[in-house]
Amino acid sequence: MKILAISGSGRASSTNTAMLRAVAEIAQPKHEVTVFDGTAGLPVFSPDFEVGPLPVEVQAFVDMIGESHCVIISSPEYVRSIPGGLKNAIDWLVSRDEIVQKPIALMHASHRGEDMLEQLRLVLSTVSQKFAQDLFLRFEFMKLSPEEISDRLAVPTNRAAVADFLRDLTNSTVTAGSE
């Protein structure tokens, strides 16, 4: 099962990115999780850029979406909202087919961020017919280093929570593919 894990953060030392990377490590070998941490490198969306070939960075992102069976998104909250880079990445997908039937689930690396999560749920339910609103996994990893996050995810109860989350996402993918 190919899973694309998108980090909504543009920070090099992002807690969300570190969490997704740790999930990718413990998900193997059953799941192939690829982490996309390039939202900050995508050009600002404009419908004018959709007329010809897509910008190289955008085409690579779109291809990653198309090649995956499902998507996980994990993002910080900026000023009680979706970070601009993540919203921009989603905007690039709005008029494309790659995301419409793609199961999407959310993870979150903080005890706060409800405003962003509510907005993200609204946006994702608009762009994907397979957004799994109820499939959500949250950890409280704010201010931890990537090594500390990996150590916390290695704890058996957290490892089991990740395994359950991935199993449920896989099941939603199989169900989505059979409809």
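Modeller: An axis is a line fitted to C-alpha atoms, for a helix over the stretch in contact, and an angle between two axes runs from 0 to 180 degrees between N-to-C directions. The model discussed here is predicted. With that in mind, helix α3 (residues 84-93) packs against helix α4 (residues 114-127) at an angle of about 10°, and their axes are 11 Å apart.

Colleague: Why are α3 and α4 called roughly parallel to each other?

Modeller: Angles under 35 degrees count as roughly parallel. The angle here is about 10°, and α3 and α4 are therefore roughly parallel to each other.

Colleague: Which residues of α3 and α4 meet?

Modeller: On the α3 side they are Leu86, Lys87 and Ile90, and on the α4 side Leu120, Val123, Leu124 and Val127. By class, six residues of this contact are nonpolar, none is polar and one is charged.

Colleague: What makes α2 and α3 roughly perpendicular to each other?

Modeller: Helix α2 (residues 56-67) and α3 pack at an angle of about 75°, with their axes 11 Å apart. The class of roughly perpendicular covers 65 to 115 degrees, and α2 and α3 are therefore placed in it. The contact involves Val58, Phe61, Val62 and Ile65 of α2 together with Ala89, Trp92 and Leu93 of α3. By class, it has seven nonpolar residues, no polar ones and no charged ones.

Colleague: Why are α1 and α5 described as oblique to each other?

Modeller: The axes of helix α1 (residues 15-27) and helix α5 (residues 146-154) cross at roughly 45° and come within 9 Å. Oblique is the word for angles that are not under 35, not over 145 and not from 65 to 115 degrees; α1 and α5 are therefore oblique. The crossing of α1 past α5 is right-handed. Thr15, Ala18, Met19, Ala22, Val23 and Ile26 of α1 make the contact with Pro146, Ile149, Ser150 and Leu153 of α5. Eight of the residues in this contact are nonpolar, two are polar and none is charged.

Colleague: What makes β2 and β5 edge strands of the sheet?

Modeller: The sheet is open, and its five strands follow the order β2-β1-β3-β4-β5 with parallel pairing. β2 (32-36) and β5 (131-138) each have a single partner strand, so one side of each is left without a neighbour in the sheet. From one strand to the next, the twist averages 25°.

Colleague: How do you know that β1 and β2 pair?

Modeller: Two strands pair if at least two bridges are found between them. Five bridges join strand β1 (residues 2-7) to β2, and the two run parallel; the pairing therefore meets the requirement of at least two bridges. Isoleucine 3 stands opposite valine 33 in β2. On this sheet packs α1, which touches β1, β2, β3 (70-74) and β4 (104-108), and the direction of α1 makes about 165° with that of β2. Helix α2 lies across β1, β2 and β3, at about 140° to β1.

Colleague: What makes the peptide bond between glutamine 28 and proline 29 a point to note?

Modeller: Most peptide bonds are trans. The bond that joins glutamine 28 and proline 29 is cis, with omega at about 0°. Proline 29 lies in the loop between α1 and β2.

Colleague: What is the phi of valine 79, and where does that residue lie?

Modeller: Valine 79 has a positive phi of about 50° although it is not a glycine. Most residues other than glycine have a negative phi. Valine 79 is located in the loop between β3 and α3.

How values were computed
Residues are numbered from 1 along each chain as its sequence is written. This is a predicted model: local features need pLDDT of at least 70, side-chain atom pairs count only at pLDDT 80 or more; totals for chains, interfaces and linings use all residues. Side-chain values use heavy atoms; hydrogens and water are left out. Helices (H or I, at least four residues) and strands (E, at least two) are DSSP runs, numbered from the N terminus. A crossing is left-handed if the near helix is turned anticlockwise from the far one by less than a right angle, and right-handed if clockwise. Contact means heavy atoms within 4.5 Å. Ala, Val, Leu, Ile, Met, Phe, Trp, Tyr, Cys and Pro count as nonpolar, Asp, Glu, Lys and Arg as charged, and the others, Gly among them, as polar.
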